[in-house]
Amino acid sequence: MVRTRFAPSPTGYLHIGGVRTALFNWLFARRHGGQFILRIDDTDAQRNVEAALAPVLAGCRGRGMSWDEGPDVGAPHAPYYQSQRLARYQDAARQLLDGGFAYRDFATPEEIQQEREAAQREKRPFLYSRRWMAESSEQQAAFEAEGRKGVVRLKMPREGKLVIDDLVRGQVEFEWAREQGHVVQRADGTCLYHLASVVDDHDLEISHVIRAEEHLSNTPRQIFIAQSLGYPLPQYAHVPFVAEPGSKNKLSKRKLDKYLKNRDFAQINEHGVAIAERLGLATTGETFNPVIVDFYEQVGYLPDAIINYLLLLGWSLDDKTEFMSRQTMIDNFALERVTKAPASFDPKKLWAFEDHYMQAFPLKQKVARMLEFLQQAGIVAKPPPCDAGATLTRIVEAAGDRLKVFGDILAYADFFFVDQIEYDAKAVDKNLRKEGAAELLAEFRERLAETEPFDTQALEQTLHAFVEAKQIKTGQIIHAVRVATTGKAVGPGLYDCLEILGRPTCLARIDRALELVR
RNA sequence: GGCCCCGUCGUCUAGUCUGGUCUAGGACACCGGCCUUUCACGCCGAUAACACGGGUUCGAAUCCCGUCGGGGUCACCA
């Protein structure tokens, strides 16, 4: 039975690279008819785990990666929080001690550090001298008499080598003598990650540990722990990490300032921030930026777009296929086709996937989601007025593929909803203050007043007739009308805008625009 | 620095195991053009890569050796 797991720490946000790791685990489990387990690695137990955890859970669930066991899912191996499994780890530590695979160590961190520095000075690899190792109770008592506190430290082998058969990297060799004996239990009895992770993977019967490459060097000591405890080994698969835009460094949520210098990244960020501000959301880089999945959720990206993009970051089906349904992903996902080199996060390509998926998204659902955004921004009342649905549908239809994310409805189409539109100064200068523009507009206003019915077809005829009668170019009047009625130089088709706005609004706005420039 | 991993267009990748069909394919971005009432979409086109050096071979992106480059990791964090 294939059982994979994703084991995030509840830090409050989910990194884009984390989502991809979760995705690979989820896909692999589904591909093989196995189970996907969500475990929370909170050995460092913060108090309010629930609150910090919510975004992580939402991050997975929102992207359609359901877990078979884990928080909120009744299941046989509960609890799924490491903070609640301490007793198990302590048992394991005891067992390690009894078997001679670990020992009580009474060195202070400073003493270890001194040995490390000495080794560095002499340019030889550091290996702890085990000077403060206590293997008998007499030794232990002696150290304790000095007032020392003991931790449990791994007694790693100091000869031979380990060969790991990694499902994506192939055979990887390590020399045991290069591996440090890490602490697995602190003096206060709490246990550390490596022990906890190995014990849990065993208890949860994890068959495949699929995780990012940065864990590759942790693997020898985890294997040592597992073998010492008599556990069967899981299969390992170390996938490359997700790198920064335009470099091979590991993507990190801390280096936002650096990423903002990347033009594409900055563009995506700016677009998202503009939407978030209209929604009244906090936009500090720490919690809101394109490295964090929440960013996309809040701005209104489609989960399918994100998943599809992330899947292709380090995996491919063949030489051409890019767009895939969940089922196609599941049917074809294979660890053998995971690339070995790190892949840079490219926000522009994500954007292209978003564009594609949004175009295919059903109009009705699109309208529903955009209504939510309008309500959240306080532009449309809750519950909405009864004609809101029909109008919104018209707007969304008219805007077509110009709306890339749900939040775009706020910045792109706000002029449909507000009474007092704001005029874009540049557009006004360019299109309304031009020689003769105001006069033409004033004249065209009268034609609009008479156009009947006030719909796209008739409006188009009116404009064409006007252009012909005045012997002008279409551009001379059409842009002026657009700016006067919408306030902007860009937007949906003009006739659609006019019809949706309705005659009274159009005339009033033109009057106001004329006042502005005269 | 030690150990480990990686190296095909700017970016994501196909091709590498099983040498020839690769004068290296696709996608995103960029640039140019078409369409057009703006923008967006769509369409067409262009530029662009086998890190380098040796071997092996009739033939190497693919096999071998070396060099260089990039990255990860070296915690009583996870």
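Analyst: Helices (H or I, at least four residues) and strands (E, at least two) are DSSP runs, numbered from the N terminus. The model is predicted, so local features need pLDDT of at least 70 and side-chain atom pairs pLDDT 80 or more, while totals for chains, interfaces and linings use all residues; side-chain values use heavy atoms, without hydrogens and water. Residues are numbered from 1 along each chain as its sequence is written, chains are lettered from A, and ligands are numbered from 1 in the order in which they are written.

User: Where does P383 lie, and what makes the peptide bond before P383 noteworthy?

Analyst: P383 is placed in the loop between α14 and α15 (388-399). The bond from K382 to P383 is cis, with omega near -5 degrees. A cis bond also joins A78 to P79, with omega near 0 degrees; P79 belongs to the loop between α2 (49-61) and α3 (86-98).

User: What shows whether the length of helix α9 agrees with its number of residues?

Analyst: The expected span is 1.5 Å times one less than the number of residues. For the 17 residues of α9 (263-279) this gives 24 Å, and the end C-alpha atoms are 24 Å apart, which agrees.

User: Which residues of α9 are buried, and what puts them on the same side or on opposite sides of the helix?

Analyst: The buried residues of α9, buried being under 20% relative accessible area, exposed over 50% and partly exposed in between (1.4 Å probe, protein chains only), are F265, I268, N269, G272, V273, I275, A276 and L279. They cover an arc of only 165 degrees, which puts them on the same side of α9; the arc is that of the directions from the helix axis to the C-beta atoms. On the other side of α9, R263, E270 and E277 are exposed. The cover over the buried residues of α9 includes α8 (256-259), α10 (293-299), α13 (347-360), α14 (363-376) and α16 (408-412).

User: Why is N262 said to cap α9, and what follows α9?

Analyst: A side-chain oxygen of N262 lies 3.0 Å from the backbone nitrogen of D264, at the N-terminal end of α9. A polar contact is a pair of N or O atoms within 3.5 Å; within protein, one must be able to donate a hydrogen and the other to accept it, and residues adjacent in sequence count only if both atoms are side-chain atoms. The distance of 3.0 Å therefore satisfies the limit. α9 is followed by G280, whose phi is positive, near 75 degrees.

User: Why is N289 called buried, and what is in contact with N289?

Analyst: N289, in the loop between α9 and α10, has a relative accessible area of 0% and therefore counts as buried. The side chain of N289 reaches the backbone nitrogen of V291 at 2.7 Å. Contact means heavy atoms within 4.5 Å; leaving aside neighbours within four places in sequence, L256, F265, N269 and F295 are in contact with N289.

User: K123 and R130 have a positive phi; which is buried or exposed?

Analyst: K123 has a phi of about 55 degrees although it is not a glycine, and R130, likewise not a glycine, has one of about 60 degrees. K123 is in the loop between α4 and β4 (133-134), as is R130. K123 is exposed at 75% relative accessibility, whereas R130 is buried because its value is 16%.

User: What makes a residue count as near RNA strand B, and which residues come nearest?

Analyst: A residue is near a molecule or strand if one of its heavy atoms lies within 4 Å of it. Of the 65 residues around RNA strand B, S9, R186, G314, E322 and R402 come nearest. Sugar and phosphate make up 76% of the strand atoms that come within 4 Å of the protein.

User: Which side chains offer polar atoms to RNA strand B?

Analyst: Among them, an N or O atom in the side chain of R169 is 2.9 Å from a sugar or linking oxygen, and a polar side-chain atom of R337 is 3.1 Å from a phosphate oxygen. Q359 has a polar side-chain atom 3.3 Å from a sugar or linking oxygen.

User: What is the make-up of the surface near RNA strand B, and which element contributes the largest share?

Analyst: The surface divides into 23 nonpolar, 16 polar and 26 charged residues. Ala, Val, Leu, Ile, Met, Phe, Trp, Tyr, Cys and Pro count as nonpolar, Asp, Glu, Lys and Arg as charged, and the others, Gly among them, as polar. The largest share, 5 residues, comes from α13.
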